[in-house]
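Welcome, and thanks for taking a look at this one. Below is a short guided briefing, arranged by topic, to help you find your way around.

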Amino acid sequence: MSLAQIATAQRGLVAALKARPPPNLAHCPSTPPPPASNARPHQPRRNLVLSASASAASSPPPASSRAPLFGGEARGPISSAGRAMQSAAAVGLVRPCAARPLPTYPSPRRGAGACSPPLLTTPRGLRLSARAGLVPASPLEEENRRCRHVAAAAGKVAAADTAGEEAGGGLAKTLQLGALFGLWYLFNIYFNIYNKQVLKVLPYPINITTVQFAVGSAIALFMWITGILKRPKISGAQLFAILPLAIVHTMGNLFTNMSLGKVAVSFTHTIKAMEPFFSVLLSAIFLGELPTPWVVLSLLPIVGGVALASLTEASFNWAGFWSAMASNVTFQSRNVLSKKLMVKKEESLDNINLFSIITVMSFFLLAPVTLLTEGVKVSPAVLQSAGLNLKQVYTRSLIAAFCFHAYQQVSYMILARVSPVTHSVGNCVKRVVVIVTSVLFFRTPVSPINSLGTGIALAGVFLYSQLKRLKPKPKAA
């Protein structure tokens, strides 16, 4: 067959496809009715499948002029469109093949009873060619499709791994925070026990406080030299701003040791439960921060509990009582001063570095005071002349000094990880643990009223820490 005949057949095929009337979809049911048991079997239609090549040109056309165009019985003379389709089939452009009946699908745009033709989908591995035929996809397209599937699967796996890592990271942080709280309490317990034992045999609180600052300074220098802590870059102006904080820090620890040397550990910490009272008072005086009525009410059980415990304390004396009160004032003054001065810190000066700098400055502030007041009372000659066991006193003093620095540093590490309210609640629990432990260790006699007063004071501290985080509502304009 010549090329002219092929071109004529192609033009006739295009004209036949354009001349076909559109399907009448007005009376198409929305859902096909179920076939009856005695229904006439369906006559299979024949549709046209476009071929990928014209290799079947040798197939002869049908001899009868009344041959059906789409299969089935002949029902009339063949039109010009039908002859064009037969010519196209003769040259191999189309070929009849049996196909399944086309189902109808409901169309939401045309309402009930309407239907729409099915969508044409391309099987995997095939694509529509330029000659409107189905041909195998190219290797590049298959590779791209495979890569997309692999990338999607990898994305799902990565998302699952990320979720697992986040869950594992949250558990690790919780365990780390719990370990820090445990160390905070443990170091505080050991400090109070060993410090009280040293103060019993060596009643020189200024000397003992100086030793504690000296050991803390040595630990800070060691951490800076070894690189455990980044060495801070601090200017003279910053040191001048930190100086008031170092002064009140020195006085607060000195007054605490003076109180521990005079009264029981449990009573000292009961009095120190009044820190919230002085915090509210000093903040109102120097910062103008007026407390809410609920915060003021939470101070009543604190003051009442401390008063009740003081009246029934077996080891009560005024020197120990006022020393603990002075410790409360100085420590809360440190907090107020830190807000008032607002020390400008550089990147390397975090809370731990700030505490280390304050410790070093406190040592240099207290050392001259020690020489002018008590003198050096921790030398071997003085201890031996007092009939004390040198090894025992030095060992307990060093352990107390190490725990003194460690529990404060761990406290700053916890404060960097939790909110101030959570830290305040942890400090309240720490005070309870220290009181109970010291009572059990030193066998301190405690009356029921004394225990009740201590419990009321600590409950007030907990209530204060919860109410402190409630911010007052701004007044409407």
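What follows starts with the chain as a whole and then visits a few places in turn.

Please keep in mind that this is a predicted model. The chain has 477 residues, and 36% of them are buried. Its secondary structure comes to 14 helices and six strands.

**The chain as a whole**

- The accessible surface comes to about 28500 Å², and carbon and sulfur atoms account for 66% of that area.
- Among the contacts in the chain with a separation of 6 or more, 81% are between residues 24 or more positions apart.
- A search for disulfides gives a count of zero.
- As background, a disulfide is a covalent bond that joins the sulfur atoms of two cysteines.
- Two cysteines to look up are C403, which counts as buried because its relative accessible area is 5%, and C428, which counts as buried because its value is 7%.

**Transmembrane regions in the record**

- An unreviewed UniProt entry places the feature "transmembrane region" at residues 175-194, 206-225, 237-256, 277-303, 315-331, 352-373 and 449-467.
- How much of the span 206-225 is helix in this model? The span is 100% helix and 0% strand, and its end C-alpha atoms lie 29 Å apart.
- Residues 237-256 are likewise 100% helix and 0% strand, with 30 Å between the end C-alpha atoms of the span.

**A nonpolar patch on the surface**

- Which residues form a nonpolar patch on the surface? They are L183, L186 and Y190, and together they have about 260 Å² of accessible area.
- Y190 belongs to helix α3, which covers residues 139-201.
- Y190 counts as partly exposed because its relative accessibility is 38%, a value between the limits of 20% for buried and 50% for exposed.

**Around S259**

- You can find S259 in helix α5, which runs over residues 236-262.
- Is S259 buried or exposed? S259 counts as buried, because its relative accessibility is 0%.
- Leaving aside residues up to four places away in sequence, S259 touches T268, G320, S323 and A324.
- S259 and I271 are twelve residues apart along the chain, and their C-alpha atoms are separated by 9.9 Å.

**P368 in helix α10**

- P368 sits in helix α10, made up of residues 351-372.
- With a relative accessible area of 40%, P368 is partly exposed.
- T210 is 158 residues away from P368 along the chain, yet the C-alpha atoms of the two are separated by 9.8 Å.

**R443, a residue with a positive phi**

- Most residues other than glycine have a negative phi.
- R443 is not a glycine, although its phi is positive at about 55°.
- Where does R443 lie? R443 is in the loop between α13 (420-442) and α14 (448-468).
- R443 counts as exposed because its relative accessibility is 74%, which is over the 50% limit.

**Salt bridges around E275**

- How many salt bridges does a search of the whole structure find? The search finds two.
- In general, side chains of opposite charge can pair when their charged atoms come close.
- One salt bridge joins E275 and K272, with 3.7 Å between the closest N and O atoms.
- Both E275 and K272 are buried.
- E275 also meets R431 in a salt bridge, at 3.8 Å from N to O.
- This pair links distant parts of the chain, with E275 in helix α7 (residues 275-287) and R431 in helix α13, 156 residues apart.
- Why does E275 count as buried? The reason is that its relative accessibility is 14%, and buried means under 20%.
- R431 is buried as well, because its relative accessible area is 6%.
- Through shared partners, the salt bridges join K272, E275 and R431 into one network.

How values were computed. Residues are numbered from 1 along each chain as its sequence is written. This is a predicted model: local features need pLDDT of at least 70, side-chain atom pairs count only at pLDDT 80 or more; totals for chains, interfaces and linings use all residues. Side-chain values use heavy atoms; hydrogens and water are left out. UniProt positions are given in the numbering used here, feature names are shortened, and annotations may be inferred rather than shown by experiment. Helices (H or I, at least four residues) and strands (E, at least two) are DSSP runs, numbered from the N terminus. Patches are made of residues with over 30% relative accessible area and no salt bridge: like charges are joined within 9 Å, nonpolar side chains (Val, Leu, Ile, Met, Phe, Trp, Tyr) within 5 Å. Accessible areas come from the Shrake-Rupley method with a 1.4 Å probe; for residues, only the protein chains shown count as cover. A salt bridge is a side-chain nitrogen of Lys or Arg within 4 Å of a carboxyl oxygen of Asp or Glu. Buried means under 20% relative accessible area, exposed over 50%, partly exposed in between (1.4 Å probe, protein chains only). Contact means heavy atoms within 4.5 Å. A disulfide is a pair of cysteine sulfur atoms within 2.5 Å.
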